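Work through the exercises below with the structure open beside you, and try each task before you read its solution.

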Amino acid sequence: MLARQSLVRAASRAAVAPGAAPSGARNMATLREIELRLKSSMKMIASTKLAKAQRAMNAGKEYGLANAEVFEHANDKAGTNKLFIVVSSDKGLCGGIHSSVSKATRRALANDAESPLENDKSVDPASPIAVIGDKSKNQLVRTYGANFSMTFNQIGRDIPTFADAAAVADLITKSGVKYDSVVLVYNKFVSAISYAPAAMIVQGEEALKESDAFKAYENEDDATKDLAEFSLANAIYAALVEGHACEQSARRNAMDNASKNATDMIASLQMQYNRGRQAAITNELVDIITGASAL
């Protein structure tokens, strides 16, 4: 009895042709459908992350506007020593988002005509540099490694917070680096498909002390120092959230472009394969016809 059941099972298996779809294959998704679902899901996730980043950017811009109001009447000629803070991140696969700020920093230090510091061409090429993010660090260390005063990573892995910016500002203040002003080089959000490198200048403690607007009030030294550090944290936070929004936008666009390029490559390779297959079939037919006519 058992032998008979085994023979029946073997016969039923043999009845199915090799490579044929199982009986329930009608309800199974094809590889093409799975790919389309994955692309749609990834695009939806990227769009959601971009929307969150834009909301954080709009909230963070208020900090930048507050800084601009604070330094509107500050003395911008208190000194020429500048500390450059390059705002980047640790993640890749987002186009040229990191190269953008690295190139802008090189232009600023070289006093290039396309420098983001349009009205200041007296930058010392040996100015100290602080880099936020490993990507720009790896790009700048080759030419300006001697200028590095400190580097930061693991910041802004998700949406940046003011606590991240405050921690960076606190470490810079306590590092002992001498500067009269801070130049933040970051990516400015233009639209969902474009961005541009920009520079934000934050005056230091001495500039606030020398400002006529602040001299009108009897401020203690500690108050001026705290205000300068808080303003630096505000500016760093505004640059971080705007740079994060640019990164999410660039990553979504890069992923979309990669999908389109892969689709075009598959179509091109499929065309080459079909042409080669057709040529082989044609050659075989020619050989058969030639052999038949020779008989």
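**Burial, layout and charged pairs**

Of the 295 residues in this protein, which is a predicted model, 32% are buried.

**Exercise 1.** Determine how many helices and strands the protein has, and in what order they run.

*Solution.* Begin by counting the elements, which gives 8 helices and 5 strands. Next, read from the N terminus onward, where the order is α-α-β-α-β-α-β-α-β-β-α-α-α. Finally, turn to the contacts between residues at least 6 apart in sequence, of which 69% join residues at least 24 apart.

**Exercise 2.** Find what the side chains of lysine 82 and aspartate 120 form, and work out which parts of the chain they tie together.

*Solution.* First recall the general idea that side chains of opposite charge can pair when their charged atoms come close. The cut-off for a salt bridge is a nitrogen to oxygen distance within 4 Å, and for lysine 82 and aspartate 120 the distance is 2.7 Å, so the two side chains meet in a salt bridge. Then locate the partners: lysine 82 belongs to strand β1 (residues 82-87), whereas aspartate 120 sits in the loop between α3 (97-109) and β2 (129-132), so the pair links parts that are 38 residues apart in sequence. As a last step, check the surroundings, using the rule that buried means under 20% relative accessible area. Lysine 82, at 7%, is buried, and aspartate 120, at 18%, is buried as well.

**Exercise 3.** Two further salt bridges involve glutamate 247 with arginine 251 and lysine 260 with aspartate 256; establish how far apart the partners of each pair are in sequence, and decide whether glutamate 247, lysine 260 and aspartate 256 are buried or partly exposed.

*Solution.* Start with glutamate 247 and arginine 251, whose closest N and O atoms are 2.9 Å apart. Both belong to helix α8 (residues 221-294), and because they are 4 residues apart there, about one helical turn separates them. Continue with lysine 260 and aspartate 256, where the closest N and O atoms are 3.7 Å apart; these residues also lie in helix α8, 4 residues from each other, which is about one turn of the helix. For the accessibility step, glutamate 247 has a relative accessibility of 6% and counts as buried, while lysine 260 is partly exposed at 48% and aspartate 256 is partly exposed at 27%. The pairs treated in these exercises are among the 5 salt bridges counted in the model.

Notes:
Residues numbered from 1 in each chain as written. Predicted model: local features only at pLDDT ≥ 70, side-chain atom pairs only at ≥ 80, totals over all residues. Heavy atoms only, no water. Helix = DSSP H or I, 4+ residues; strand = E, 2+ residues; numbered from the N terminus. Buried < 20%, exposed > 50% of the residue type's maximum accessible area, 1.4 Å probe, protein only. Contact = heavy atoms within 4.5 Å.
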